[in-house]
Amino acid sequence: MILVTGATGFVGSRVCRQLAARGLAHTPTSRSLGLDLRDAAATTAFFRALKPTQVIHCAAHVGGIQWGAKRPVEIFQHNLQMTLSLCEAAQASGVQRIVNPISNCAYPAQATLFQEDAFWDGPLHESVLVYGFVRKASWVASWAWRQQHGLDTLNLILSNMYGPGDHFEEERSHALGALVMKVVRAHQQGLPEVVVWGSGTPVREWLHVDDGAEALIRGLDAPATAEPVNVGVAHGVSILAMAELIRDVVGYRGRLVLDPSKPDGAPHKTVDGTRGAALLGWRPTRSFEAGVRETVAWYLQSLAQAS
């Protein structure tokens, strides 16, 4: 039995969708479905009753730069509590494999091409200090439980994920989701311009959520390793180029105006996925442009359904 935590969230829901399409037995769980992973006793009781053999851990308290700046304590506490509860419950109930996704913001700020051997080679960027640290701490927790209890966790470090079901609120969303929301709103309301945060120069690598979900599912049966494993293609796009692509996909004719008073975040993030490609036999199935078109179409449909 595969247990998916955070199953009603952005990544977890797409993981469950793919597991169902493959006919793989799985149990979705999340706080809205009744299990709060911050509650260690309740989590252990749940695991002992269900007896999952594998876990894909998609639960996380996460958001964009603005979200993180306003809620550092919540992000720190909630994610650490969930990690500790998960490891304790998995060990107590005999789980055979945890697949643990880690954000690439756990890499040092000065790195541009993220490679596993440089995972510990410097401090994190201040804009993602708390979330990057707690995700890094999840690797440390997996190492500790492996050393003392033999608990097997595969830690996959993924590029920034986007796609259908992402957050599109101005505060909670990451750069891509926020820009989709703002450009669509400007297009529908006939606004003359869209403000793009920062200088427009930071480079980000983006991973479609279904490609990310595929990597996580493949991680269930991949060879065991205690080392972090990257999932990515080592290719990124600037924030301004991404905004221009979204503008073209939406068909918006207004201006894109940079606001350098807003934070940029780390200047460059791309992920060397050589190790992950070899371990998982994985590669993405969508181009970035195709993924953005799919995301915009999904967002427009969700707006139409809500109106």
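User: Let's start with Ala 45. Is it buried, partly exposed or exposed?
Analyst: In this predicted model, Ala 45 sits in helix 2, which covers residues 40-50. Buried would need under 20% relative accessible area, and exposed over 50%. Ala 45 comes out at 46%, so it counts as partly exposed.

User: How far apart are the C-alpha atoms of Ala 45 and Leu 156?
Analyst: Along the chain, these two are 111 residues apart. In space, their C-alpha atoms are separated by 27 Å.

User: Leu 156 makes me curious about the inside. Which residues have the most contacts within the largest nonpolar core?
Analyst: Nonpolar side chains tend to be buried together in soluble globular proteins. Here the largest nonpolar core has 27 residues. Strand 1 (2-5), helix 1 (10-21), strand 6 (153-158), helix 7 (209-218) and strand 11 (229-231) each supply at least two of them. The residues with the most contacts inside this core are Val 15, Ile 56, Leu 156 and Leu 216.

User: And how many residues are in the second core?
Analyst: This one is separate from the largest core, and it includes Leu 179, Ile 239, Val 250 and Tyr 299. Its size is 25 residues.

User: Back to helix 7 for a moment. Is Glu 214 buried or exposed?
Analyst: Glu 214 lies in helix 7. Leaving out residues up to four places away in sequence, Glu 214 touches Gln 18, Arg 22 and Trp 282. Its relative accessible area is 17%, and the cut-off is under 20%, so Glu 214 is buried.

User: What about Gly 150, buried or exposed?
Analyst: Gly 150 is found in the loop between helix 5 (129-149) and strand 6. The bar for exposed is over 50% relative accessible area. Gly 150 has 54% relative accessibility, so it counts as exposed.

User: Now the helix pair. How is helix 6 oriented to helix 10: parallel, perpendicular or oblique?
Analyst: The axes of helix 6 (residues 175-189) and helix 10 (residues 288-306) come within 11 Å and cross at roughly 55°. Roughly parallel would take an angle under 35 degrees, and roughly perpendicular 65 to 115. That angle therefore makes helix 6 oblique to helix 10.

User: Which classes of residue make up the contact of helix 6 with helix 10, and how many of each?
Analyst: From helix 6 come Leu 176, Val 180, Met 181, Val 184 and Gln 188. They meet residues of helix 10 including Phe 288, Val 292, Thr 295 and Tyr 299. By class, the contact has 10 nonpolar, 2 polar and no charged residues.

Conventions: Residues are numbered from 1 along each chain as its sequence is written. This is a predicted model: local features need pLDDT of at least 70, side-chain atom pairs count only at pLDDT 80 or more; totals for chains, interfaces and linings use all residues. Side-chain values use heavy atoms; hydrogens and water are left out. Axes are lines fitted to C-alpha atoms, for helices over the stretch in contact, and angles run from 0 to 180 degrees between N-to-C directions. Helices (H or I, at least four residues) and strands (E, at least two) are DSSP runs, numbered from the N terminus. Angles under 35 degrees count as roughly parallel, over 145 as roughly antiparallel, 65 to 115 as roughly perpendicular and the rest as oblique. Contact means heavy atoms within 4.5 Å. Ala, Val, Leu, Ile, Met, Phe, Trp, Tyr, Cys and Pro count as nonpolar, Asp, Glu, Lys and Arg as charged, and the others, Gly among them, as polar. A nonpolar core is a set of buried Ala, Val, Leu, Ile, Met, Phe, Trp, Tyr and Cys residues joined through side-chain atoms within 4.5 Å. Buried means under 20% relative accessible area, exposed over 50%, partly exposed in between (1.4 Å probe, protein chains only).
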